[in-house]
Amino acid sequence: MRDRILEFWVGLFMLMGIIALFILSLKVSGLSSFSSTGYTVTAAFDNIAGLKIRSPVTLAGVKIGQVSGIKLDTTQFKAIVTMRIDADQRKLPSDTSASILTQGLLGANYVSLKPGFDQVFLKDGSTIQDTQPALILEDLIGQIIFSLKSSGRK
Amino acid sequence: MLWIADQLVLLGQAVLNLVTNLGRSAIFLWNILYRKPHLKKGFPLLVEQIYFIGVLSLLIIMLSGLFMGLVVGLQGYSILDKFGASQQLGQLVALSVIRELGPVVTALLFAGRAGSALTAEIGLMKSTEQLASMEMMGVDPLQHVISPRFWAGCIAMPLLGTIFSTIAIFGGYLVGVVWLGLDSGAFLSVMQASVSFSSDILNGIIKNIVFGIVATWIAVFQGYDTVPTAQGVGRATTRTVVYSSLAILGLDFVLTAVMMRSW
């Protein structure tokens, strides 16, 4: 009898450890969205700033996928961003535009899609043509200072 | 001149002692690993030891995990709030717990709770000559006493560490979302966007496994190597806790330095 109680507790302990591992991998690291079926589209950006792999891809503020790869195109010198879009978002018009925005002033970068009006939809492996690069705060400040200076001279 | 020679002799003795002990503990580990446990007879022994080492440590591990998560959540919030970045609390709690605090604190608690008990138990067996009488009866003490305890420690430690991390993150969630009123969706999505399974969670588990092996090895060796007196058992127990803690903290630095490349 005592052996059975002992084995019961050890079994429970093992089960708890495995459940904890499942929670860690599914809930904390979001592994489930990694293996989900979907399709990938690519887009070339002039500048991606702090965009990283696994950054969210949103449409109208709702997350519909994530960045799955970033590489540099050495002939055009643009960043090629590969995005995995969830399978239930099949009907994105092919003239959809992509821009890189920032969550709040200091937040992380994400890709925002803006749907177009085309009747043809994006497929697996297709490319988004219309892209807007990330807003670099330093460039903006430089432009403001430049315009202030030139308006002061008049 | 003579004084310097004496000091040199002392230094030499200390180094030779250290090397001998290291060598003996390595041979000891080899002997444990080489004797692969007898499946049918060894399994009940292993289950019993997992119960004593793992299940009985569960409560202290879970409680410390909860409080660790609560404290990291509070501290992290108070600092992140100064930069207006309190939404990033999930990332801070999850990464610090999974990468560092989970494995290290679990291993330190494990060394204090289970390691010292292992040393004392085996040390007392040796000083009351139970180990010697086992050998007389033709029963191998390494196989029947040491090996199940060693394997039980190696199995229990990663499980305890995983449970600790999970509960600590839950503690951080409690402080951030339930108490301080952060958005629950933001907490989870920031956390999921920053924690990666292959480079964070797996590395944490690797740390757990390494710490488990080292802490149990030290505990079992110190017990087996005890001077068979009451004082000897006491000293061996102290040494177990001190050596395991130092080894865990030192190894943690080395492992982190190796793993840092993937972050």
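# A helix-by-helix tour

Start by selecting α8 and α9 in chain B: they cross in a right-handed way (the near helix is turned clockwise from the far one by less than a right angle; anticlockwise would be left-handed). Before you go on, note that this is a predicted model, in which local features need pLDDT of at least 70 and side-chain atom pairs count only at pLDDT 80 or more, while totals for chains, interfaces and linings use all residues. Residues are numbered from 1 along each chain as its sequence is written, and chains are lettered from A, and ligands numbered from 1, in the order in which they are written.

**Stop 1: α8 and α9 of chain B**

Your two selections are residues 197–224 for α8(B) and residues 230–259 for α9(B). Helices here are DSSP runs of H or I with at least four residues, strands are E runs of at least two, and both are numbered from the N terminus. The two axes come within 9 Å and cross at roughly 155°; axes are lines fitted to C-alpha atoms, for helices over the stretch in contact, and angles run from 0 to 180 degrees between N-to-C directions. The pair is therefore roughly antiparallel (over 145 degrees; under 35 is roughly parallel, 65 to 115 roughly perpendicular, and the rest oblique).

Now show the side chains that meet. On α8(B), pick among others F211(B), V214(B) and I218(B); on α9(B), the partners include Y243(B), I248(B) and L251(B). Contact means C-beta atoms, placed from the backbone, within 7 Å. By class, this contact has 13 nonpolar, five polar and three charged residues (nonpolar: Ala, Val, Leu, Ile, Met, Phe, Trp, Tyr, Cys and Pro; charged: Asp, Glu, Lys and Arg; polar: the others, Gly among them).

**Stop 2: α4 against α9**

Keep α9(B) and add α4(B), which covers 89–127. Their axes are 8 Å apart and the angle is about 150°. That makes α4(B) roughly antiparallel to α9(B). The α4(B) crossing with α9(B) is right-handed. Among the residues to label are A111(B), G112(B), G115(B) and G123(B) on α4(B), and G232(B), A236(B), S244(B) and S245(B) on α9(B). Colour by class and you will find 10 nonpolar, 11 polar and one charged residues in the contact of α4(B) with α9(B).

**Stop 3: T106(B)**

Stay on α4(B) and centre on T106(B), which lies in that helix. Is T106(B) buried or exposed? T106(B) is buried, with 32 other C-beta atoms within 10 Å (20 or more is buried, 12 or fewer exposed, in between partly exposed, with C-beta atoms placed from the backbone). Beyond its neighbours within four places in sequence, T106(B) contacts I61(B), L160(B), G161(B), F164(B) and N208(B). Try a C-alpha to C-alpha distance to M157(B): the pair is 51 residues apart in sequence but 7.9 Å apart in space.

**Stop 4: the whole of chain B**

Zoom out. Chain B has nine helices and zero strands, and its C-alpha trace spans about 65 × 60 × 35 Å along the principal axes. Of its 263 residues, 43% count as buried. Among contacts in chain B with a separation of 6 or more, 87% join residues 24 or more positions apart.

Next, select E129(B) in the loop between α4 and α5 (130–136). Its phi is near 60°, a positive value in a residue other than glycine. With 12 C-beta neighbours inside 10 Å, E129(B) counts as exposed. Most residues other than glycine have a negative phi.

**Stop 5: crossing to chain A**

Show both chains. How many residues does each chain bring to the contact? Chain A brings 23 and chain B brings 26. Helix α1(A), residues 2–28, gives the most to the chain A side, with 15 residues. That side has 15 nonpolar, five polar and three charged residues.

Now select α1(A) with α6(B), residues 141–179: they pack at about 50°, with axes 8 Å apart. That makes α1(A) oblique to α6(B). The α1(A) crossing with α6(B) is left-handed. Where they meet, look for F13(A), G17(A), L21(A) and L24(A), among others, opposite residues including L159(B), I163(B), T166(B) and I169(B). The residues of this contact divide into 11 nonpolar, four polar and no charged.

**Stop 6: the rest of chain A**

Colour chain A by domain: 1–35 is domain 1 and 37–137 is domain 2, with bounds from an automatic or database assignment. Their centres, taken over C-alpha atoms, are 37 Å apart. Finish at F77(A), in the loop between β3 (62–73) and β4 (78–86). F77(A) has a positive phi of about 55° although it is not a glycine, and with 9 C-beta neighbours inside 10 Å it counts as exposed.

Key
Two residues are in contact if their C-beta atoms, placed from the backbone, lie within 7 Å.
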